[in-house]
Amino acid sequence: MAISQQLKEKIDRLRPNFPTTQALVIPMLHEVQHETGMVSEDSMREIAVFLQLPLMKIREVATFYTMFNKKAVGQVHYQLCSNIGCWLNGSDKLMHHMEQRLKINAGQSSTDGKYTLSEVECLGACGSAPVLQVNEDYYENVDLPMLDELMQSFSSKINAGEKYIGRETYNPEVWP
Amino acid sequence: MMGEKILTKYIAEQNCQTIDFYLAHDGYKALRKALSITPDAVIEEVKKSNLRGRGGAGFPTGMKWSFMPKNPVDADGRPRPKYLVCNADEGEPGTFKDRLIMTKNPHALIEGMVIAAHAVGAVRGYIYIRGEFFKEARLLQRAIDDARGQGYLGKNILGSNLHFDLFVYRGAGAYICGEESALLNSLEGKRGEPRLKPPFPAQVGAFGMPTCVNNVETFAVIPYIIEHGGPKFAAMGTEKSGGLRLFCVSGQVERPGIYELSMRTTLRELIDIAGGVRNGKKLKAVIPGGASAPMLTAEEIDVPLCFDAMMKAQTMAGSGGAIVMSEDVCIVEATSILLRFYEHESCGQCSQCREGSHWLARMFARIEAGKGTHDDLITIERICANMAGQTICAFADAVTGPALSAVRKFRSEFEDHIRQRRCPQKAMLRAPATDSVRGQTHV
Amino acid sequence: MCNTTDINREMGKHEIALNYCSNKHAVQKGANPAPKLILDGEVVEFVAGDTILQVAERAGRGHLIPRYCYHPGLPIAGTCRMCTVEVEKMVKLMTACSTPAADGMVVHTKTERVLKSRAGVMEFLLINHPLDCPVCDKAGECDLQDNNYRYGPVTSSFLEDKRTYPKAATKKLSEKITLNMNRCVHCERCVRFSEEVVKSCDLMMVNRSWHKELTLADDKLGLTSEYQGCLSDFCPVGALTFNDFRFVKRSWFLQRHPSVCDGCSKGCNIEVHSEDNIIYRFTPAYNEKINGHWICDTGRLSYHQVMDPTRIVRPMLAHNGALQATSWELAQAATGHLLETAKKVKVVIGTDATIEEIRYLQAALPDMFGSKFTFRSFNGTGTLSTSSQDKKLDHLLIMQDKTANLRGAEECKLAPLENGQINDSDLVLLVRFGRSAVPAVGNGQKLILLGVWNSAEQASLGAAVEVMLPGLATVEKSGTYINCDGIRQQFIPAVVHLGEGMAVNRLLRFTKK
């Protein structure tokens, strides 16, 4: 079972908020990705069964929206904006640096499954460009020293086995 | 520099996002006032304010609200519920104002939505926030919970017979969902593909019901309009575009950020307020209203930032995000990056947009890589002519905005790329070139 | 360009109300009962609620408006943008498929602007199309080809690499359908068909923008519907092709004749595609009251039964306990002798015979040989014997009764065969045309077979068969069927029978000297 009972109950609680069950597809895909880090083929099947919808309705939505990872991503998913605002502020240099440091290209995951590096389109924070999204959190006004510091801290967080990497706001301790 | 502020008055203060702070600064006062007058009077006040939609199209808000049917019934005579949807799918490159409102002043948005619900008779509201805004969605959810706890949402709001509740709905990474009908499809759990119009959302919107969709900023200024009256708001702006607006400045300026200014402000003033071009460089180009707006050259920036003046200057005020490019920037590469974005974000429904955005992106990348031909420039004009105004939504027009303006206004740069078979800027400034256009090899 | 003012005056209209979205009722309530619009300078009446494209279709001028995503049997998508027309007083070009017609509207389908837009769409659709027409099965009946011939640009200035889908260049979606994604123009007719019409939800688009790709909803299941052939019918390009027809025949060699499918009691209208009287496929023919635009795959493939190599197409006579091919003269003489000498003859007619055939047998046999005949009908398919037992097997077309004319047999007052058994006569005349089941024949009775039989069916009856008289299948003859809903359908031959089979009235004519 790819989807926990707890998650299903959470979705059940959302049902009164929407007039149709189909409206729960995106929230449910979000929750599944939050729980398992990706939206697998199996979990799509389970969602279809749970929401009593044809599988196509789940798959077409999951593949339309870029936030849903159809493939597994690393524990730390670096998503660097490459759009104009960030590019004007040197995001291409940051990307180059990250590629060198992680020894992978944009769009790839490291072989140990710890890191994934992605180039993404506008994150809606151009005023503080360049912007780097790490899992769920934004890091703004990133420059090379800050990037090095960030990457260092994430690597030590992974080694320390921390629970809420890149999920500062989700962490119940930080964000009650 | 400017006098009164509406949305950004308190953003520098601590805990400005909390309901206690909001209440201590006259929060939810406008709601009481709105509930004491009729819905029609509220709409009338909004009409008087000359408020025009802050999402990009600049449609008069009061008129949009008045399109909502009064007592809609279905075929069997049962009343159809009306919905209110807030478009917080902020994804236009160069625009980042809604995020500020949602993190620093969420209760203005909530109050504005409750007032709008009263005005149009909506029973339920959804805030469609872009999926990447995890933190913002949680903040907003907490603000909604606080408001509900204090009786500003839910049943019988402030003792009136208004029942209205708000829900946060997170998108999942699709720029096109900023288009209102695509947003409604997405809200219904479908692919975010824009719908054919007619029927318009006011007739058949979310879940098939009459729906009013407005931008975050539009809702957030409503309490001010109700509290201080439409005319006062109208007087802050130009004749046809009332009020102040949050202008976003990004790119190569000294102080990028959000500035709440009158719509009378010119683009040159805005850039000056943001500290001018960084490092004293010369200005080369500005994209004035979010990435979809045609570019302006350094000579064309003495134009007020209101919708009509911008239209006259053959660009658009759009979402109010100015992207500033200095003399160091290669326009071909910048446009190529924008087109890559559009290629990635087209929903793929309409033939012209699906194929055209892809074609343009490839062609610009090729020219940037020094492999263009002079015929390409003619082809670009033709592709753009075949795309603009031919599709279901305005996305195709948005693609052609930067592409056409770049080719027309900076033609010599394109010709240099073609003639020299390389990017002259890159050769001059950053040798050796980094491979920033993926999939292409540089000469 | 026409002078619109004059035409407006002619129509007695002082004001032109271009009230698109609001309501259809306003048009109906108006003083003039039938609203009118002007299509390329000609006044055309229309039914309130129609879109411009439907108006043009009804006026017989649908060919003026090319389209890909629009199909009359599917929900409107309005995405291919090929059907744009110019409507006076509208700033943009409007899609004819989705714009509701309004009274007094002035529509132009051939202006320079419209033609430019169509050429634009064609150019966009062709940049990534492989242009492999010489090896494409759709060539000759391809909308992309036809529309490009009429409206498209002659050359392309696309210098980039074409988008290809290496994994879906020749992908079998099921036993019946093959996908070539490179040819797809993303009209999504197939997706809407599977979702809205057959409701199998087995096709879908994944990804977005130019990566958009047609795939199976579930790779493990493949296509599941019973109407897969329709996908290749309405696919405007060669992306979805029907395996049974794939690489079999170039479409321009085919002659097309209308007929009725005899695969079940629905009586779907079909077009028989043949060359030199050899049938290559059945396709649906539109009939609003019966099958709409569709037919099921079983019906579509049923031409194989007509073209069955084991079908008996020569008269045969029993000789030393085995049937042997003979001449019509000998077979007819033997039949006459058997009918003359028999005391009690049971004529069992399959409910796949036409009304004319049944009536002929009912009248001619007693007339020639006296009143020793009892007539019975036999269906034997779907465990039913009367039309009241017939029912729908799905929400679309397929019926439980697998014969075409049960209602017709009932109209001819033909009683069903008791218990499906024949045992109370000394001679049995079994008439069937390939659809009704073969009844059980009791011992000690002689048999004459008439109609469409294949060798296996004949063999199942054992040695009792004395004479075999080959007849004609539905597409080879004329006649009348009454379908499950009581709709009477007449048809004429679509092909000429290639064997020695004859119509019932001819083959019995000379049996009595």
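# A walk through chains C, B and A

Start in chain C and pick out the open five-stranded sheet, where the strands run in the order S2-S1-S5-S3-S4 and the pairing is mixed. Strand S2 (42-45) and strand S4 (94-95) of chain C are at the edges with a single partner strand each, so one side of each has no neighbour in the sheet. Keep in mind as you go that this is a predicted model.

Now zoom in on strand S1 (residues 36-39) and strand S5 (residues 106-108) of chain C: they run parallel and are joined by two bridges. Show side chains here and you'll find Leu39(C) standing opposite Val107(C) in S5(C). Next, add helix H4 (residues 112-127) of chain C, which packs on this sheet and touches strand S3 (84-87) and S5 of chain C. The direction of H4(C) makes about 160° with that of S3(C).

**Second stop: the three-stranded sheet in chain C**

Slide along chain C to another open sheet, with three strands in the order S11-S12-S13 and antiparallel pairing. Colour strand S11 (255-260) and strand S13 (278-284) of chain C as the edges, since each pairs on one side only. From one strand to the next, the twist averages 30°.

Select strand S12 (residues 269-275) of chain C. Is S12(C) enclosed or open? Five of its seven residues are buried, so S12(C) is largely enclosed by the rest of the structure. Six bridges tie S11(C) to S12(C) in an antiparallel arrangement, and S12(C) pairs with S13(C), also antiparallel, over six bridges.

Glu271(C) is a handy residue to centre on. Pro258(C) has Glu271(C) as its bridge partner in S12(C), while Glu271(C) also stands opposite Thr283(C) in S13(C). Step along to Val272(C), and the residue opposite in S13(C) is Phe282(C). Then follow the chain round the turn: S12(C) and S13(C) form a hairpin with two residues between them. Click on Asp276(C) in that turn, and check its phi, which is positive at about 50°.

**Third stop: the domains of chain C**

Pull back and colour chain C by domain: domain 1 (4-110), domain 2 (132-142 + 160-306) and domain 3 (316-507). Where domain 1 of chain C meets domain 2 of chain C, ten residues of the former are in contact with 13 residues of the latter. What kinds of residue does domain 1 of chain C bring to the side that touches domain 2 of chain C? There are seven nonpolar and three polar residues, and no charged ones.

**Fourth stop: from chain C across to chain B**

Show chain B next to chain C and select their contact, which takes 25 residues from chain C and 30 residues from chain B. On the side of chain C that touches chain B, the count is ten nonpolar, nine polar and six charged residues.

Now hide the neighbours and look at chain B alone, with its 18 helices and nine strands. Chain B has a radius of gyration of 23 Å, close to the 22 Å that the globule rule gives for 443 residues, so chain B is as compact as a globular protein of that length. Along the principal axes, the C-alpha atoms of chain B fill a box of roughly 75 × 55 × 40 Å. Colour by burial and 61% of the 443 residues in chain B come up as buried. Of the contacts in chain B between residues at least 6 apart in sequence, 71% join residues at least 24 apart.

Switch to domain colouring: chain B splits into domain 1 (19-236), domain 2 (244-325) and domain 3 (331-429). The C-alpha centres of domain 1 of chain B and domain 3 of chain B are separated by 36 Å. Even so, nine residues of domain 1 of chain B are in contact with seven residues of domain 3 of chain B. The domain 1 side of that contact has six nonpolar, one polar and two charged residues.

**Last stop: chain B against chain A**

Bring in chain A and select its contact with chain B, made by 46 residues from chain B and 36 residues from chain A. On the chain B side, elements supplying at least two residues each include helix H7 (134-149), strand S5 (244-251) and helix H13 (331-345). H13(B) gives the most, with six residues. By class, this side of chain B has 20 nonpolar, 15 polar and eleven charged residues.

Finish on chain A, which divides into domain 1 (5-64) and domain 2 (76-159). Their C-alpha centres lie 29 Å apart.

Definitions and conventions: Residues numbered from 1 in each chain as written. Chains lettered and ligands numbered in written order. Predicted model: local features only at pLDDT ≥ 70, side-chain atom pairs only at ≥ 80, totals over all residues. Contact = placed C-beta atoms within 7 Å. Helix = DSSP H or I, 4+ residues; strand = E, 2+ residues; numbered from the N terminus. Nonpolar A, V, L, I, M, F, W, Y, C, P; charged D, E, K, R; others polar. Domains from an automatic or database assignment. Pairing = 2+ DSSP bridges. Axes fitted to C-alpha atoms, helices over the stretch in contact; angles between N-to-C directions. Rg over C-alpha atoms; globule rule 2.2 N^0.38 Å. Buried ≥ 20, exposed ≤ 12 C-beta atoms within 10 Å, placed from the backbone.
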